[in-house]
Amino acid sequence: MIYRVLTRKTPYEPKPRSARPCATDIRSDRRIQRMASSQKMSVHEITRTSRLQITKNTVHRRIIESVYMIRAKMARRLPLSNLHISKRLQWARNHMSYGDKWMAVLFCDEKKWNLDGPDGNIKY
């Protein structure tokens, strides 16, 4: 096999790809990645604003293929400010002497369920 390649009179060229050609080129890939990183646009918005006939799955793939994009999970809540901390402490001090009245208070543990998959992912 190697001998045939080395003794061939015409230069070796790889066979053409049998797969479907990419819908985007390198320049449009970079533009998609730039939109996703700098303007914080969603995949759907990028698909609409790009002047290409591509699907949102293609846009999502191009963002994932980028080496420079880092996907991180969004923080669940903002950190408490000093004002919030002082108000919480004041509320706790006011209700320390509540005594048996706490028996009339109902505490419930509510949980949000997502049937279509996890959420909270955002790009930074």
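Student: How many aromatic pairs does the count come to in this structure?

Tutor: Welcome! This is a predicted model, and the count comes to two aromatic pairs. One aromatic pair is formed by Trp91 and Trp102.

Student: What makes Trp91 and Trp102 an aromatic pair, and why is it called edge-to-face?

Tutor: Their ring centres are 6.3 Å apart, and rings pair if their centres lie within 6.5 Å, so the two count as a pair. The planes stand at 65°; over 60 degrees counts as edge-to-face, so that name applies.

Student: Where in the chain do these two residues lie?

Tutor: Trp91 is in helix H5 (residues 82–94), while Trp102 is in the loop between H5 and strand S2 (121–123). The two are 11 residues apart, and the pair links distant parts of the chain.

Student: Why is Trp91 called partly exposed?

Tutor: Its relative accessibility is 48%. Buried means under 20% and exposed means over 50%, so Trp91 falls in between. Trp102, with a relative accessible area of 29%, is partly exposed because that value also lies between those limits.

Student: Which residues do ring pairs link into a cluster?

Tutor: The cluster consists of Trp91, Tyr98 and Trp102.

Student: Which residues make up the largest nonpolar core?

Tutor: There are eight: Ile32, Met35, Ala36, Met41, Ile46, Ile54, Val59 and Ile63. Helix H2 (26–38) and helix H4 (56–65) are the elements that give two or more residues to this core. The largest share, three residues, comes from H2.

Student: What is Ile63 in contact with, leaving aside neighbours within four places in sequence?

Tutor: Ile63 is then in contact with Ile32, Ala36, Val43, Ile46 and Met69.

Key. Residues are numbered from 1 along each chain as its sequence is written. This is a predicted model: local features need pLDDT of at least 70, side-chain atom pairs count only at pLDDT 80 or more; totals for chains, interfaces and linings use all residues. Side-chain values use heavy atoms; hydrogens and water are left out. A nonpolar core is a set of buried Ala, Val, Leu, Ile, Met, Phe, Trp, Tyr and Cys residues joined through side-chain atoms within 4.5 Å. Buried means under 20% relative accessible area, exposed over 50%, partly exposed in between (1.4 Å probe, protein chains only). Helices (H or I, at least four residues) and strands (E, at least two) are DSSP runs, numbered from the N terminus. Contact means heavy atoms within 4.5 Å. Rings of Phe, Tyr and Trp (its six-membered ring) pair if their centres lie within 6.5 Å; planes under 30 degrees apart count as stacked, over 60 as edge-to-face and the rest as tilted.
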